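Biologist: Please pick one stretch of this model and take me through it up close. I'd like to hear how it hangs together with whatever sits around it.

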Amino acid sequence: AERIVREGGDSVESRVEWAWRQVLSRVPSDTERDLLVELYRDERDYFASVNSAADEVLSVGHAAKPDDLPKVELAAWTSVARSLLNLNEAITRN
């Protein structure tokens, strides 16, 4: 999630496309991109409305949470990254 925010560009769409290429080594279709953009926005809204939820998501794992990134944004991108990494295409590359 941190790499998506730092390296993926300035827009939600460019970040989704960057993350997609990193995980699947291809460009997403318009439908695939739009679904992940919608997921990001839904997750961002959820984490913004439930303060403890972002902290809970970001407390998992060993990596330290970066202090210079908004936790709501980072938590939302964590959800996007998890979704990408759990795609069948990512797990069983042919």
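Modeller: Let's start right at the end of a helix: just after α2, Ser-25 takes a positive phi of about 60°. Bear in mind that this is a predicted model, and everything below is read off its atoms. Most residues other than glycine have a negative phi. Ser-25 goes against that habit, with its positive phi despite not being a glycine. As for where it is, Ser-25 belongs to the loop between α2 and α3, and because its relative accessibility is 58%, it counts as exposed.

Stepping back from that loop, we come to α2 itself, which runs over residues 12-24. Its 13 residues should span 18 Å at 1.5 Å a residue, and the C-alpha atoms at its ends are indeed 18 Å apart, in agreement with that. Quite a list of α2 residues is buried: Val-12, Arg-15, Val-16, Trp-18, Ala-19, Trp-20, Val-23 and Leu-24. An α-helix has 3.6 residues a turn, so residues three or four places apart point the same way. You can look for that rhythm in the buried set, which includes Val-12, Val-16 and Trp-20. The cover over the buried residues of α2 includes α1 (2-7), α3, α5 and α6 (88-91).

Trp-20 is a good place to stop along α2. Its relative accessible area is 5%, and because buried means under 20%, Trp-20 is buried. Leaving out residues up to four places away in sequence, Trp-20 touches Ser-25, Arg-26, Val-27, Pro-28, Glu-32, Leu-36, Leu-84 and Leu-87. That list brings us back to Ser-25, the residue with the positive phi. Trp-20 also has Ala-90 at 9.8 Å, C-alpha to C-alpha, although the two are 70 residues apart in sequence.

Now for the partner helix. α2 and α5 have their axes 10 Å apart and pack at an angle of about 35°, and α2 passes α5 in a right-handed crossing. On the α2 side, the contact is made by Val-12, Arg-15, Val-16, Ala-19, Trp-20 and Val-23, while α5 brings Glu-73, Trp-77, Leu-84 and Leu-85. Trp-20, which we just met, turns up in this contact, and so does Leu-84, one of the residues Trp-20 touches.

α5 has 15 residues and reaches 21 Å from its first C-alpha to its last, close to the 21 Å expected at 1.5 Å a residue. Its buried residues are Leu-74, Ala-75, Ala-76, Trp-77, Thr-78, Ser-79, Val-80, Ala-81 and Leu-84. Among the elements covering them are α1, α2, α3, α4 and α6.

On the α4 side, the axes of α4 (residues 51-58) and α5 come within 9 Å and cross at roughly 55°. That makes α4 oblique to α5, and the crossing is left-handed. Here Asn-51, Ala-54, Asp-55, Val-57 and Leu-58 of α4 meet Lys-71, Val-72, Leu-74, Ala-75, Thr-78 and Arg-82 of α5.

One residue of α5 with some exposure is Ser-83, which counts as partly exposed because its relative accessibility is 30%. Apart from neighbours within four places in sequence, Ser-83 is in contact with Leu-36 and Leu-39. Leu-36 should ring a bell, as Trp-20 touches it too. Back along the chain, Val-72 is 11 residues from Ser-83, with 17 Å between their C-alpha atoms.

Last come the aromatics: the structure holds two aromatic pairs. In one of them, Tyr-40 and Trp-77 have ring centres 4.4 Å apart and planes at 25°, so the pair is stacked. Tyr-40 sits in α3 (residues 30-49) and Trp-77 in α5 (residues 71-85), so the pair ties together parts that are 37 residues apart in sequence. Both partners are tucked away: Tyr-40 is buried at a relative accessible area of 3%, and Trp-77 is buried at 0%. The other pair is Tyr-46 with Phe-47, whose ring centres are 5.3 Å apart with planes at 65°, so the pair is edge-to-face. Tyr-46 is partly exposed, at 43% relative accessible area, whereas Phe-47 is buried, at 3%.

How values were computed: Residues numbered from 1 in each chain as written. Predicted model: local features only at pLDDT ≥ 70, side-chain atom pairs only at ≥ 80, totals over all residues. Heavy atoms only, no water. Phe/Tyr/Trp six-rings, centres within 6.5 Å; stacked < 30°, edge-to-face > 60°. Helix = DSSP H or I, 4+ residues; strand = E, 2+ residues; numbered from the N terminus. Buried < 20%, exposed > 50% of the residue type's maximum accessible area, 1.4 Å probe, protein only. Expected span 1.5 Å × (residues − 1). Contact = heavy atoms within 4.5 Å. Axes fitted to C-alpha atoms, helices over the stretch in contact; angles between N-to-C directions. Parallel < 35°, antiparallel > 145°, perpendicular 65-115°, else oblique. Left-handed = near helix turned anticlockwise from the far one by under 90°.
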